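Q: Could you take me on a close look at a single part of this model, the enclosed space inside it and the residues around that space? I would like one connected account, please.

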Amino acid sequence: MIFSKEKIILEYTVEKCQKCNLERKRKYHEGDFLFTESSKCDSCDGITVIEKIFGETIEK
């Protein structure tokens, strides 16, 4: 019998502030699209834009 490892993909979104260049990684939420304004920056009054959406694979 061949044992195969179960793979789980965790999706993440990276937001970047256009004013202070602060980057923040968070879990992906449905409705996230690249290059759209997503939220207010935590460190300044700038607006964050979604720069990257990616997945990390974990094998069990």
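A: Happily; what follows starts at the cavity and then moves on to the cysteines and two threonines. Please keep in mind that this is a predicted model.

Let us begin with the empty space itself. Rolling a probe the size of a water molecule over the atoms shows where empty space is left. A search of the whole structure turns up one cavity of 30 Å³ or more, and the largest cavity holds about 50 Å³ of space. Its lining is made up of Leu 22, Glu 23, Arg 24, Lys 40, Cys 41, Asp 42 and Thr 48. Sorted by character, the lining residues come out as four charged, two nonpolar and one polar.

One of those lining residues, Cys 41, invites a question about sulfur chemistry. A disulfide is a covalent bond between the sulfur atoms of two cysteines. How many disulfides does the structure hold? The count is zero. Cys 41 takes part in no disulfide, and the nearest cysteine sulfur, belonging to Cys 17, sits 3.7 Å away. Cys 17 in turn has its closest cysteine sulfur in Cys 44, at 3.6 Å, and they are not bonded because that distance is too far for a bond; the cut-off for a disulfide is 2.5 Å. As for exposure, Cys 41 is buried, with a relative accessible area of 7%, and Cys 17 is buried too, at 1%.

Another lining residue, Arg 24, leads us to Thr 13, since Arg 24 appears among the contacts of Thr 13. Thr 13 belongs to strand S1, which covers residues 7-17. Is Thr 13 buried or exposed? With a relative accessibility of 0%, Thr 13 counts as buried. Its side chain makes a polar contact of 2.9 Å with the side chain of Asp 32. Setting aside neighbours within four places in sequence, Thr 13 also contacts a run of residues that includes Lys 25, Arg 26, Lys 27, Tyr 28 and His 29. Further along the chain, Ile 50, Lys 52 and Ile 53 are among its contacts as well.

Finally, Thr 48 of the lining brings us to Thr 36, which touches Thr 48, Val 49 and Ile 50 when residues up to four places away in sequence are not counted. Thr 36 is placed in the loop between strand S2 (23-27) and strand S3 (37-40). At 31% relative accessibility, Thr 36 counts as partly exposed, whereas Thr 13 is buried. The C-alpha atom of Thr 36 is 9.6 Å from that of Glu 15, a residue 21 residues apart from Thr 36 along the chain.

Methods:
Residues numbered from 1 in each chain as written. Predicted model: local features only at pLDDT ≥ 70, side-chain atom pairs only at ≥ 80, totals over all residues. Heavy atoms only, no water. 1 Å grid on protein atoms, 1.4 Å probe; cavity = no way out; pocket = protein on both sides within 12 Å on 5 of 7 lines; lining within 4 Å. Points joined across faces, edges and corners; volume = space filled by probe spheres on them. Nonpolar A, V, L, I, M, F, W, Y, C, P; charged D, E, K, R; others polar. Buried < 20%, exposed > 50% of the residue type's maximum accessible area, 1.4 Å probe, protein only. Helix = DSSP H or I, 4+ residues; strand = E, 2+ residues; numbered from the N terminus. Polar contact = N/O pair within 3.5 Å; in protein donor to acceptor, adjacent residues only side chain to side chain. Contact = heavy atoms within 4.5 Å.
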